[in-house]
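Here's a quick tour of a two-chain model, written to be read with the viewer open. Have a look at the sequence and fold first, then follow along below.

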Amino acid sequence: MDMLDILLSASFWAAAIRIASPLIFATLGELICERAGVLNLGIEGIMVAGAFAGWMAVYSGTGLWTGVMVAMVVGMAFGLIHSVLTVPFGLSQHVVGLGVTLLATSSTYYAYRLALPEVTSPPKITAFQPFEIPILSDIPLIGPALFAQTPMTYLAFVLVGLVSIVLYRTPLGLALRAAGENPSAVEAQGLSVTGIRMGAVIVGSGFMAMGGAFLTMSAFDSFFFEMVNGRGWICIALVVFGAWKPGKALLGAVLFAAFDALQIRVQQTPLGADIPYQIFLMTPYVLSILALIVMSRRAEVPGALMVPFNKGER
Amino acid sequence: MRLEPIANPSLARTTLPPLIAIMTTVVVASLLAMLAGANPFSVLGLILKGAFGSKFAALETLNRATPLIFTGLSVAVAFRARLWNIGAEAQLYAGALITVVLGTGALPWGAGALLPTLALGAMLAGALVLLVPALLKVRFGVDEVVTTLLFNFIFLLFISMLLEGPLKDPMGMGWPKSERLIAEARLPRMAEGLRLHWGFGLAIISAALVWVIQRRTTLGYEMRAVGLNRDAARFVGIPVNGVLIKTALLSGGLAALAGFSEVAGVKGSLTLDLSPGFGYTGIIVAMLALLNPLAVVAAALFVAGIFVGADSMSRAVGVPTYLADIMLATALLLMVLAILLTRFRVVRE
């Protein structure tokens with residue numbers, strides 16, 4: 001198949017949007033945390049926990065959307081742990097983040113083994129099915145790519161808009177951005193930097209967990225160890241690539257996913273058969289690093305990112 | 001709430017928080033063991049017994065601690081200069097890679113020449129693997145946390161590619177594994193009949209050397225200065241970028257020795273499951289040791305003990321081994337908090 005044929009096929013773009021969806025949730029979550037001044041390296045583990053929690057809830061009989069809520073609440077719980085340690089106590093965001101990733105991952109695996117001690121292959125659930133939006137899904141190319149996705153994908157796009165509006169059009173968003181740029185100014189306004197930052201980390205972690213839940217409830221219908229596979233770290237790169245802006249981050253996630261979908265298709269061409277498959281599997285990680293290098297000169301890092309705020313200290 | 005430094009912390013101030021942190025970790029582990037339907041006291045007892053209860057168990061713990069000492073030192077060196085090397089896993093595999101490339105017959109030397117060459121070659125490879133993210137950091141300002149993390153994935157795929165291609169053992173029954181090292185490339189045991197290889201000795205020596213570098217050399221002083229305050233270090237004329245690069249080379253080299261020691265001392269060949277996350281666990285080891293190279297040895301023994309003990313406990317009573325990882329994550333998070341509380345008091349507004 002010719003490269004152009006791939007790029008012009010609706011199924012290719014549908015796959016790209018599907019691959020982008022979990023990244024959009026988690027990138028948004030990380031963006032909210034970082035915009036408030038907190039780097040959340042718990043993302044990888046929180047995605048694992050969200051993937052398991054949502055799937056397990058549905059497997060034990062709840063509805064799909066309840067499962068998404070359960071995942072979100074579990075993510076927020078880990079966000080609470082992260083934020084208590086990094087915000088009021090101002091501990092190293094690197095160490096706490098990696099600790100939270102380890103805690104979330106290992107408690108998930110522990111819970112999995114306790115819940116399903118006997119199974120060799122994990123049970124399946126009835127996952128979200130694609131929902132074709134009437135009329136819109138009939139548009140050639142764009143229709144099947146954008147408007148015949150699962151409901152969680154639509155939710156991801158809605159959240160991008162919602163987060164943009166909150167960040168740029170509301171007093172809450174202004175306070176959140178200020179907490180990440182100039183916390184003393186926020187405090188001077190009589191607002192609590194601690195409260196804003198903790199809230200951002202908790203909500204952001206909820207989004208990350210929904211990204212994980214997408215994997216088990218929308219992309220696949222089962223939970224596997226290692227299924228998050230570094231997606232969390234890629235999302236951290238996507239936040240930088242998106243210059244800490246929701247719209248650009250969305251664009252970055254889709255672009256990234258398009259490359260990922262492309263490498264899967266090139267692998268199946270005669271040319272791709274001659275190249276070791278590991279080269280293709282490396283591309284997402286290599287692309288992330290390249291994106292970081294390209295953006296490094298232009299990126300506008302939030303001024304107080306990773307700087308703990310202790311009241312009374314100047 | 002607000003944090004206020006304590007001028008003269010009392011003895012209780014400096015000892016109680018870490019103690020409470022450890023006790024809380026034990027309580028959390030007990031509750032989780034109960035959740036799994038086991039008697040918490042027997043679970044904790046079995047972990048202790050499995051880790052240190054017999055000569056066999058203790059040697060197993062020392063063997064497991066060996067790679068953790070190397071990766072712990074690697075992280076301690078880097079974090080001290082605030083170079084966030086999360087890529088010890090990749091550097092470990094780089095060291096293991098050089099060991100099998102040179103140690104499977106390419107250099108037909110005696111052990112006396114071959115083993116030091118392999119160790120140095122491994123260190124060089126690990127240093128180069130961390131050099132790339134370090135250069136990206138100093139040249140372009142690219143955050144090394146993300147690049148070193150992503151490098152772990154890239155490098156493991158690279159190893160997988162080699163093990164299914166040029167490095168594949170033709171006698172390996174189709175498994176992706178390298179050929180075995182020649183006898184001269186194997187690390188000997190530290191004493192006759194003792195199941196402990198010289199990698200452990202090398203780890204102890206490395207810890208002592210790193211301590212000397214950090215406390216008794218200009219480079220060590222500069223590393224600490226760069227870690228404390230980068231701008232102040234630059235102001236007093238310390239070449240910050242140069243120090244960061246040197247730190248990266250040392251840190252990468254130390255992590256690579258873990259790979260050398262595991263291949264030459266334990267496994268004898270390279271497979272994709274050489275390291276069950278020794279690189280990541282090194283971060284816990286280094287943090288529990290407060291980045292002190294000598295304390296890294298003790299922390300590595302503690303962490304290795306929990307892993308070995310949890311394995312044997314799990315075999316006995318069926319509580320999942322992931323309990324060990326939860327205990328370590330809890331200990332890590334509570335310990336960094338406890339250390340803070342030995343120096344600061346919480347003041348209510």
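In which helix of chain B does V77(B) lie? V77(B) lies in helix α3 of chain B; helices here are DSSP runs of H or I with at least four residues, strands are E runs of at least two, and both are numbered from the N terminus.

Some ground rules before going further. This is a predicted model, where local features need pLDDT of at least 70, side-chain atom pairs count only at pLDDT 80 or more, and totals for chains, interfaces and linings use all residues. Residues are numbered from 1 along each chain as its sequence is written, while chains are lettered from A and ligands numbered from 1 in the order in which they are written.

**Around V77(B)**

V77(B) has 28 other C-beta atoms within 10 Å, so it is buried (20 or more such neighbours means buried, 12 or fewer exposed, in between partly exposed, with C-beta atoms placed from the backbone). Setting aside residues up to four places away in sequence, V77(B) touches V210(B), T247(B), L250(B), S251(B) and L254(B); contact means C-beta atoms, placed from the backbone, within 7 Å. Take L250(B): it is 173 residues from V77(B) in sequence, yet their C-alpha atoms sit 7.6 Å apart.

**The core**

The largest nonpolar core runs to 218 residues. By nonpolar core we mean a set of buried Ala, Val, Leu, Ile, Met, Phe, Trp, Tyr and Cys residues joined through C-beta atoms within 7 Å. A209(A), V296(B), A300(B) and L323(B) have the most contacts inside this core, and its largest share, 15 residues, comes from helix α10 (residues 193–219) of chain A. Leaving out neighbours within four places in sequence, V296(B) has contacts that include I69(B), L73(B), A76(B) and A207(B).

Over in chain A, helix α8 (residues 171–181) has A175(A), L176(A), A178(A), A179(A) and G180(A) buried. Their cover includes α2 (10–35), α7 (151–169), α9 (183–188) and α10 of chain A.

**Helix crossing and odd phi values**

In chain B, the axes of α5 (residues 111–140) and α10 (residues 240–267) come within 6 Å and cross at roughly 140 degrees. Axes are lines fitted to C-alpha atoms, for helices over the stretch in contact, with angles from 0 to 180 degrees between N-to-C directions. That makes α5(B) and α10(B) oblique to each other (under 35 degrees is roughly parallel, over 145 roughly antiparallel, 65 to 115 roughly perpendicular, and the rest oblique).

Most residues other than glycine have a negative phi. R82(B), in the loop between α3 (55–80) and α4 (88–103) of chain B, has a positive phi near 50 degrees. R82(B) is partly exposed, with 17 other C-beta atoms within 10 Å. L291(B) has a positive phi too, near 65 degrees, and is found in the loop between α11 (278–288) and α12 (293–317) of chain B. With 21 C-beta neighbours inside 10 Å, L291(B) is buried.

**Annotated spans**

UniProt, in an unreviewed entry, lists "transmembrane region" spans in chain A and in chain B. Its positions follow the numbering used here, feature names are shortened, and annotations may be inferred rather than shown by experiment. Here are some of those spans.

| Span | End C-alpha distance | Helix | Strand |
|---|---|---|---|
| 94–112 of chain A | 27 Å | 100% | 0% |
| 278–296 of chain A | 27 Å | 100% | 0% |
| 92–111 of chain B | 22 Å | 65% | 0% |
| 322–341 of chain B | 29 Å | 100% | 0% |

Note on methods
Two residues are in contact if their C-beta atoms, placed from the backbone, lie within 7 Å.
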